[in-house]
Structure formats: C-alpha cells, structure tokens
Amino acid sequence: MKLQGRKAMITGASRGIGRAIAVAFASEGAQLALVATSAERLVDTAAMCQERNKLDVAMFGLDVRSSADCDAVVKQAVEKLGGLDIVVNNAGVTRDNLLMRLSDDDYDTVLDTNLRGAFNITRAASRPLMKSKAGRLINIASVVGMVGNAGQANYAASKGGLIAFTKSVAKELAGRGVTANVIAPGFIETDMTASLDAKVKEEALKGIRLGRFGKPEDIAQAAAFLASDAGSYITAQVLVIDGGMTA
Ligand code: NAP
C-alpha cells in the first residue's frame, strides 16, 4: 500500500489512462477525488476504485478549461479529502488536422483543454500541495510534445507546452518539497486512439520496438511509482513510456 493515507485528485478519470491511474492509486490505498466532464461519467471508475479499497470516492463534473470552476472544484476536493497530496493532470483531447486545415476552434480547444486546463488545476492546487508533506504533481503529456507529429500541430504544441510548464513548476515548488514530473506516453490503447485509421495504426505499430501498443495500466503503474515515497527524489523529469517508439 504505497499510497496509504495519500489524497489524490485525477482529471480525465472517466476512462482510458485516467481511469487506470485512479484504479492503481486506489489499489495502493489512496483516497481519491476524480474529475471528468460530468460526475455521472465517473460512477464506473469510482466503483472499480472502491473494489480495491473501501474509501469514499469524491466525483466532480468539471470543464478544466474554466479557471473559476477549477478553483471551486479543487477547493471542494480539499475540503472533502481533508487535504491534497497528489494531483494528476490527465484530461486531454485531440482535434487532428493538417496545418492548412486546422481551424481556430480546433487549435483553441486543444490548447485550452490540455495546457490551460492543467494550468488551471495546478494553480488552484498549489497551496494544498505545498502544505502536504509529500506533494506530487504528475502531468500527462505525450511523446508528440517532444518529437512533433504531422496532423497534430495543435496537440504537439499543447503537450510541449505542458512539459515546459511542468519543469517551471518543479523549480518553483521544489523548495516546498513538491515534486513535479511529466509522463509522456507513446501509443496507448484508449478511446483516443480507437478511432484512428487501421492503416495509421499499422504504421505506428511498426515503429514500436516492443511490438505492441501500450495499455493504460503501463502508464498507471509509473504514475503510482512517481506518486509514492519511491519517487520522492525525482523532479522536473519527463518519463517516456512508449515501448521504444521514439528511441
Ligand atoms: P480518453 O480515453 O479520450 O479520455 C480523456 C479523458 O479526459 C476523459 O476522462 C474525458 O472526460 C476527459 N476530458 C476531456 N476533456 C475534458 C475537459 N474539458 N474537462 C474535463 N475532463 C475532460 O483519453 P486517454 O487516451 O485516456 O488520454 C488521457 C491523457 O493521456 C490525455 O491527456 C492524452 O493526451 C494523453 N495521451 C494519450 C495517449 C494515447 O495514445 N491514448 C498518448 C499520449 C498521451 P469525459 O469522459 O467526461 O469526456
């Protein structure tokens, strides 16, 4: 039980990687506040968490693009959990298109959700994290934020920005004992990648040296490690989990 007594907030926890992180944290004994676009969407994840530990799970419907709503939800989560030790900014979207066809709306939606959303939550959570004896910020970016990808200029910009943002926060909060790190996944099997063309997937698989797509649990185990005492001397780092795709 590496996270016994720890209080964690995870955004984008209704499915995919966020759900796997919630379940992994629950298995390690953490008390959870989960966020998705509506609280109803979190019911199944919460039930899976409660199968692992019997603790109440706080569920919040929130659009992370709204800073006022993020402030209010973080405040409520801190009250409900009695503090906050771990924040995982995982909520994210894609709106893929070639640069020439990328609309203002597709650009803004991706930047506002993936980067602005993480900023909104992190700023709101910074005080409680500093009060914690083991504050941990874990931001879920992407290898695309490091190497770029044709058809994903908006997404790459948001994830590259998130990496730079996290390193800056790590430097600001280190003096208060808070670590801040990025996990950069490669190709993980979730709703986000399910809709991709079969040909695109076939090509992607060829570039993955371990010969398989990642599973949400591959990311969740690493997040649990970074959140635990075992990760206490790791900060301002980018942990790439991509089966060797960008090696
Ligand atoms: P997913 O299955 O599409 O789930 C996205 C999650 O984000 C959902 O819980 C969704 O909530 C939430 N969300 C989206 N917009 C939101 C908003 N405005 N406010 C609050 N919550 C919002 O995605 P995933 O594949 O698990 O990806 C999770 C993270 O990993 C993302 O940041 C993604 O960019 C990153 N990532 C994924 C991959 C991959 O291959 N899958 C690779 C690299 C990085 P609802 O259910 O309520 O819509």
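This passage describes the sheet of a predicted model, the helices that pack around it, and two loop residues.

The sheet is open and is formed by seven strands in the order 3-2-1-4-5-6-7, with parallel pairing. Its edges are strand 3 (57–61) and strand 7 (238–241), each of which pairs on one side only. On average, and with direction ignored, neighbouring strands of this sheet are turned by 15° against each other. Helix 2 (residues 43–52) packs on the sheet, where strand 2 and strand 3 are touched by this helix, and the direction of helix 2 makes about 165° with that of strand 3.

Within this sheet, strand 1 (residues 7–11) is mostly covered, five of its five residues being buried. In a regular strand, side chains alternate between the two faces of the sheet. In strand 1, K7, M9 and T11 point one way, whereas A8 and I10 point the other way, and all of these residues are buried. Strand 1 pairs in the parallel sense with strand 2 (residues 31–36) over five bridges, and it also pairs in the parallel sense with strand 4 (residues 86–89), in this case over three bridges. M9 takes part in the description of both pairings, since this residue stands opposite A33 in strand 2 and opposite V87 in strand 4. Together with helix 1 (residues 16–27), strand 1 and strand 2 make a β-α-β unit that is right-handed.

Towards the other end of the strand order, strand 6 (residues 179–185) and strand 7 pair in the parallel sense over four bridges. The bridge partner of I183 in strand 7 is L239.

Among the helices, helix 4 (residues 104–131) lies across strand 1, strand 4 and strand 5 (136–140), and runs at about 175° to strand 4. A second partner of helix 4 is helix 6 (residues 153–173), and the axes of these two helices come within 9 Å and cross at roughly 15°. Because angles under 35 degrees count as roughly parallel, helix 4 and helix 6 are roughly parallel to each other. The crossing in which helix 4 passes helix 6 is right-handed. On the side of helix 4, the contact is made by D106, Y107, V110, L111, N114, L115, A118, F119, T122 and M130, while helix 6 contributes N154, Y155, A157, S158, K159, G161, L162, F165, V169 and L173.

Two loop residues were also examined. G148 lies in the loop between helix 5 (144–147) and helix 6, and it counts as partly exposed because its relative accessibility is 35%. When neighbours within four places in sequence are left aside, G148 is in contact with V143 and A156. From C-alpha to C-alpha, G148 and L173 are 28 Å apart in space, with a separation of 25 residues in sequence.

I208, in turn, is placed in the loop between helix 8 (198–206) and helix 9 (216–227). With a relative accessibility of 5%, I208 therefore counts as buried. Its contacts, again leaving aside neighbours within four places in sequence, are with F187, F213, D242, G243 and M245. I208 and T190 are 18 residues apart in sequence, and their C-alpha atoms are 17 Å apart in space.

How values were computed. Residues are numbered from 1 along each chain as its sequence is written. This is a predicted model: local features need pLDDT of at least 70, side-chain atom pairs count only at pLDDT 80 or more; totals for chains, interfaces and linings use all residues. Side-chain values use heavy atoms; hydrogens and water are left out. Buried means under 20% relative accessible area, exposed over 50%, partly exposed in between (1.4 Å probe, protein chains only). Two strands pair if DSSP finds at least two bridges between them. A crossover is right-handed if, with the strands pointing away from the viewer, the path from the first strand over the helix to the second runs clockwise. Axes are lines fitted to C-alpha atoms, for helices over the stretch in contact, and angles run from 0 to 180 degrees between N-to-C directions. Angles under 35 degrees count as roughly parallel, over 145 as roughly antiparallel, 65 to 115 as roughly perpendicular and the rest as oblique. A crossing is left-handed if the near helix is turned anticlockwise from the far one by less than a right angle, and right-handed if clockwise. Contact means heavy atoms within 4.5 Å.
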